[in-house]
Amino acid sequence: MNFKIPEEILNIAEKLQKAGYRAYLVGGCVRDIILRQKDLSRAEPRDWDVATDAKPEEIQKIFPDSVYENQFGTVAVKTGSNNPKLKIIEITTFRIEGKYTDKRHPDEIKFAQTIEEDLARRDFTVNSIAIELTNYKLQTTNYKLVDPFNGQDDIKNKIIRAVGNPEERFSEDALRLMRAVRFATELDFSIEEKTGEAVKKQAGLLEMIAKERIRDEFIKILMAEKAAMGIQMLEDFGLLRYIAPELRDGIGVGQNKHHIYSVWEHNLRALDYAAKKKYSLGIRLAALLHDIGKPATKAGEGSDCTFYNHEIVSAKIAVRILNRLHFPKDLAEKIIHLVRYHLFYYNVGEVSEAGVRR
């Protein structure tokens with residue numbers, strides 16, 4: 001395949017190879033490169049990650065201006081680039097991983113001999129493709145793809161498929177359950193049948209994951225162009241009950257003559273509108289949560305039912321969700337404020353200044 005690789009990456013590849021080691025681009029950047037080959041409207045790689053057979057201490061000898069402060073074989077190399085995405089490049093030694101007793105971290109890391117062994121430990125086929133960097137003297141040339149799990153076919157067919165046995169992949173790191181939905185949402189892909197069945201079967205493993213990690217994946221789903229689709233997928237695959245179960249209370253709850261959708265549908269459509277307008281995370285969350293208190297305040301049925309003070313109850317529920325997921329205090333306060341006062345009405349000339357202040 002033919003494409004342009006940043007000079008900073010090629011310089012790293014050149015130094016590794018001159019020292020007798022191999023260099024590969026791996027992970028999301030390879031997936032994004034392949035996507036852009038087919039559709040230039042796709043986003044450029046956000047991160048550039050390199051894998052090599054050099055051990056961490058050998059990498060540090062080659063790149064003295066580097067940092068190695070983890071147990072995963074990853075060395076952070078400072079490139080001196082003016083591009084924020086390329087100032088620090090992570091180089092990771094080929095590795096295989098032991099059991100995941102806590103469903104989050106491997107009990108042990110062992111260095112591997114080949115790139116194929118390294119790719120076999122990864123989560124999804126679309127992320128298990130590597131590009132061998134051999135012609136480092138040219139920025140644009142043909143490079144060899146290493147694709148042992150047919151990730152290119154899944155990219156072509158827009159499918160998220162676990163590498164190997166999906167239940168094993170999810171039991172290793174339960175956050176992959178959310179990552180399956182997140183990648184499907186960001187890329188506008190579908191989740192392969194057996195992978196989806198495994199997500200549903202093992203959804204409860206999310207309870208073992210730190211709330212901060214769940215929050216970060218949740219944010220990525222919310223910030224996707226098709227955020228509402230992502231929230232629907234979280235529900236469809238049984239994950240939402242472990243993230244924001246309060247949202248589920250609106251499923252099937254009809255509204256009055258002022259609304260044509262259920263509370264659940266209304267909240268998702270509000271989020272969809274905010275995402276299409278490319279609004280901030282705070283506004284997207286406020287849109288999703290603004291009517292979350294309606295099921296608890298509903299009185300009556302049919303076109304004349306009421307939801308008195310639902311904005312107050314919605315704000316209280318929003319507090320609970322945002323605290324549970326450990327959102328930053330300043331952001332949470334803004335979201336809660338928007339939810340609490342989302343019924344505020346103001347048209348110039350119709351509301352007095354005193355009313356605005358109140």
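1. Buried here means under 20% relative accessible area. Phe183 has a relative accessible area of 4%, so this residue is buried. Keep in mind that we are looking at a predicted model.

2. Staying with Phe183, its ring has a partner in Phe124. The two ring centres sit 6.0 Å apart with the planes at 80°, so this pair goes down as edge-to-face. Phe183 belongs to helix α7, while Phe124 comes from the loop between α4 (115-120) and β9 (130-132), so the pair ties together parts 59 residues apart in sequence. Phe124 is buried as well, with a relative accessible area of 1%. There is also a third ring to look at: Phe124, Phe170 and Phe183 are linked by ring pairs into a cluster.

3. How many aromatic pairs are there by this rule? The count comes to 3 aromatic pairs. One of them is Tyr24 with Phe94, which is tilted, at 5.8 Å centre to centre and 55° between the planes. Tyr24 is part of strand β2 (residues 23-26) and Phe94 is in the loop between β6 and β7 (95-97), so this pair ties together parts that are 70 residues apart in sequence. Both Tyr24 and Phe94 are buried.

4. Back to helix α7, which covers residues 176-187 and also holds Thr185. Is Thr185 buried or exposed? With a relative accessibility of 2%, Thr185 counts as buried. Leaving out residues up to four places away in sequence, Thr185 touches Ile221, Ala224, Lys226, Ala227, Met229, Gly230 and Met233.

5. Now two backbone spots that you may want to look at on a phi/psi plot. Most residues other than glycine have a negative phi. Lys158 is not a glycine, yet has a positive phi of about 60°. You will find Lys158 in the loop between α5 (151-156) and β12 (159-160), and at 42% relative accessibility this lysine counts as partly exposed. Asp188 also has a positive phi of about 60° without being a glycine. Asp188 lies in the loop between α7 and β13 (190-191), and its 32% relative accessibility makes it partly exposed.

6. On to the strands around β6. Strand β6 (residues 88-93) pairs with strand β3 (residues 49-52) in the parallel sense, over 4 bridges. In that pairing, Thr52 stands opposite Thr93 of β6. Strand β6 also pairs with β5 (residues 74-78), here running antiparallel and joined by 5 bridges. Val75 has Ile91 in β6 as its bridge partner.

7. Helix α12 deserves a point of its own. How many of its 9 residues are buried? The answer is 8, so to speak a mostly covered helix. The buried ones are Leu281, Gly282, Arg284, Leu285, Ala286, Ala287, Leu288 and Leu289. What do they pack against? Their partners are α9 (211-222), α10 (227-236), α11, α14 (310-324) and α15 (329-340).

8. Just past that helix comes Ile292, in the loop between α12 (281-289) and α13 (294-297). Ile292 has a relative accessible area of 5%, so this isoleucine is buried. Not counting neighbours within four places in sequence, Ile292 is in contact with Glu246, Leu247, Asn267, Ser314, Ile317 and Ile321. As a further distance to check, the C-alpha atoms of Ile292 and Arg320 are 12 Å apart in space, with the two positions 28 residues apart in sequence numbering.

9. Last, something on the surface. Which residues make the nonpolar surface patch of about 370 Å²? They are Tyr273, Tyr279, Ile283 and Leu338. Of these, Tyr273 lies in helix α11 (residues 263-276). Its relative accessible area is 48%, so Tyr273 ranks as partly exposed.

Technical notes:
Residues numbered from 1 in each chain as written. Predicted model: local features only at pLDDT ≥ 70, side-chain atom pairs only at ≥ 80, totals over all residues. Heavy atoms only, no water. Patch = residues over 30% accessible without salt bridge, like charges linked within 9 Å, V, L, I, M, F, W, Y side chains within 5 Å. Areas by Shrake-Rupley, 256 points an atom, 1.4 Å probe, with all protein chains shown as cover. Salt bridge = Lys/Arg side-chain N within 4 Å of Asp/Glu carboxyl O. Helix = DSSP H or I, 4+ residues; strand = E, 2+ residues; numbered from the N terminus. Buried < 20%, exposed > 50% of the residue type's maximum accessible area, 1.4 Å probe, protein only. Contact = heavy atoms within 4.5 Å. Pairing = 2+ DSSP bridges. Phe/Tyr/Trp six-rings, centres within 6.5 Å; stacked < 30°, edge-to-face > 60°.
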